[in-house]
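Me: I would like a close look at a single part of this model. Please keep it brisk.

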Amino acid sequence: MKKLTLDDIDVRGKRVLVRVDFNVPLSSGNGRPTVSDDTRIRAALPTIRHILDHGGRAILISHLGRPGGQPNPDLSLACVADHLGSILEERVRFSSNTVGDTVREVVDGMGDGSVILLENTRFESGEKANDPDFAAALAELADVYVNDAFGAAHRAHASTAGVAEHVDVCAMGRLMEEEIEALTKVRDEPDPPTVAILGGAKVSDKIGTVRRLMDSYQNILIGGAMSYTFLKALGHAVGDSRVEDDRLDTAEELYEQADGAIVLPSDHVVAAEFDANAESKVVEGGIDGGYMGLDIGPKTVETYRETILNADTIVWNGPMGVFEMEKFAEGTMEIAEAVAEATDNGAFSVVGGGDSVSALAKSGYTDRISHVSTGGGAMLAFLEGAPLPGIEALTDAE
């Protein structure tokens with residue numbers, strides 16, 4: 001995992017192709033898209049600033065949404081370039097193309113210390129296919145390649161992996177460094193007592209992570225819809241709760257292998273309908289038919305809270321319930337508060353995954369977490385120990 005960093009290279013006068021993660025939410029006020037949450041843009045600033053301050057020419061590339069390999073004006077990065085410029089307080093040029101003669105001419109005419117953002121890489125069919133021709137076309141723009149998009153590092157796409165095969169010097173950006181340092185600490189060197197909090201919809205998304213963490217984590221607290229797959233596998237009534245029936249055997253096997261480390265909810269907030277206005281109630285034990293679990297109950301919250309407050313290392317990925325609906329958000333909000341309080345008391349905490357980060361922002365406790373990861377799937381893959389193509393493709397440090 002020892003790869004070149006920005007500190008290992010001289011960017012002065014160099015064309016530095018930077019893969020950033022500007023896959024940000026947009027709003028359509030006044031008929032023109034604008035950035036509604038610039039967290040990911042701000043996370044890339046240390047890398048961009050380093051390149052500009054050291055006389056490099058920053059050529060930024062990113063995907064945005066899922067345009068399916070075709071141009072889509074609603075998913076253009078033009079408004080992102082404007083937003084970045086307002087943060088940097090200097091001009092950020094924008095290219096409506098990603099590769100080609102016109103882009104090369106613009107890039108070749110850049111001055112030292114300047115920055116340009118190219119159009120959405122996923123407007124090109126060769127991006128997700130990791131097409132070697134598209135990767136080579138990107139590489140023609142670069143003297144140096146820097147990957148700072150941890151959130152896309154688990155994808156073997158042209159802009160995250162393929163391009164590195166055509167550039168001699170490929171390094172990690174500041175955000176990538178920070179992510180790897182924090183996640184390596186909680187995966188390989190966690191200070192006990194340790195707690196992993198895993199939620200969300202699917203057990204299948206987190207099988208490898210559970211297997212890896214059960215060796216070094218004393219407590220793996222399960223919430224969200226994935227808890228009902230575990231509960232059903234163990235013979236508990238779960239009513240109409242969401243369950244992955246094809247993963248019941250796996251869930252039972254994981255629970256047995258964890259030897260008591262996996263902790264499941266003992267009570268639930270349930271409703272007859274998946275609706276923000278549905279009448280809800282708290283039940284202990286099994287869930288009757290006609291009802292579905294939509295949040296962890298108050299006794300589970302108290303149990304989980306106590307465990308979290310006694311921890312020195314905390315990893316959280318996935319909400320405890322349907323936090324988007326106020327009636328079913330309390331479990332997730334209480335967990336966010338407990339993780340923040342534990343961090344205040346000296347624990348090292350890492351929170352990742354789109355829903356968890358959104359819930360954390362909603363709770364107002366983001367600034368009280370040791371490290372908020374910009375990756376969801378990438379974070380889980382890293383914790384599992386799976387190879388991340390966007391990192392493996394970078395140049396090894398001596």
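Which backbone oxygen lies 3.4 Å from a polar atom of the side chain of Asn-317? Please describe the surroundings of Asn-317 as well, then the cores and the open sheet.

Reply: This is a predicted model. The backbone oxygen is that of Gly-352, 3.4 Å from a polar atom of the Asn-317 side chain.

Asn-317 sits in strand 15, residues 313–317. Its relative accessible area is 5%, under the 20% limit, so Asn-317 counts as buried. Leaving aside neighbours within four places in sequence, Asn-317 is in contact with Ile-197, Leu-198, Gly-199 and Lys-206. Further contacts of Asn-317 include Gly-352, Gly-353, Ser-356, Gly-376, Met-379 and Leu-380. Val-350 is 33 residues from Asn-317 in sequence, yet their C-alpha atoms are 8.6 Å apart.

Now the cores. The largest nonpolar core has 66 residues. Phe-150, Ile-220, Phe-230 and Ile-262 touch the most other members. Domain 1 (6–176) and domain 2 (190–383) both give residues to this core, so it lies between them. Beyond four places in sequence, Ile-262 is in contact with Val-210, Ile-220, Ile-222, Phe-230, Leu-254 and Tyr-255. A second, separate core has 34 residues, among them Val-11, Phe-22, Leu-77 and Phe-123.

Last, the open sheet. Its 3 strands run in the order 13-12-14, with antiparallel pairing. Strand 13 (280–284) and strand 14 (292–296) are the edges; each has a single partner strand, so one side of each has no neighbour in the sheet. From one strand to the next, the twist averages 40°. Strand 12 (residues 267–271) is joined to strand 13 by 5 bridges. Opposite Val-270 stands Lys-281 in strand 13.

Technical notes: Residues numbered from 1 in each chain as written. Predicted model: local features only at pLDDT ≥ 70, side-chain atom pairs only at ≥ 80, totals over all residues. Heavy atoms only, no water. Pairing = 2+ DSSP bridges. Helix = DSSP H or I, 4+ residues; strand = E, 2+ residues; numbered from the N terminus. Axes fitted to C-alpha atoms, helices over the stretch in contact; angles between N-to-C directions. Core = buried A, V, L, I, M, F, W, Y, C linked by side-chain atoms within 4.5 Å. Buried < 20%, exposed > 50% of the residue type's maximum accessible area, 1.4 Å probe, protein only. Domains from an automatic or database assignment. Contact = heavy atoms within 4.5 Å. Polar contact = N/O pair within 3.5 Å; in protein donor to acceptor, adjacent residues only side chain to side chain.
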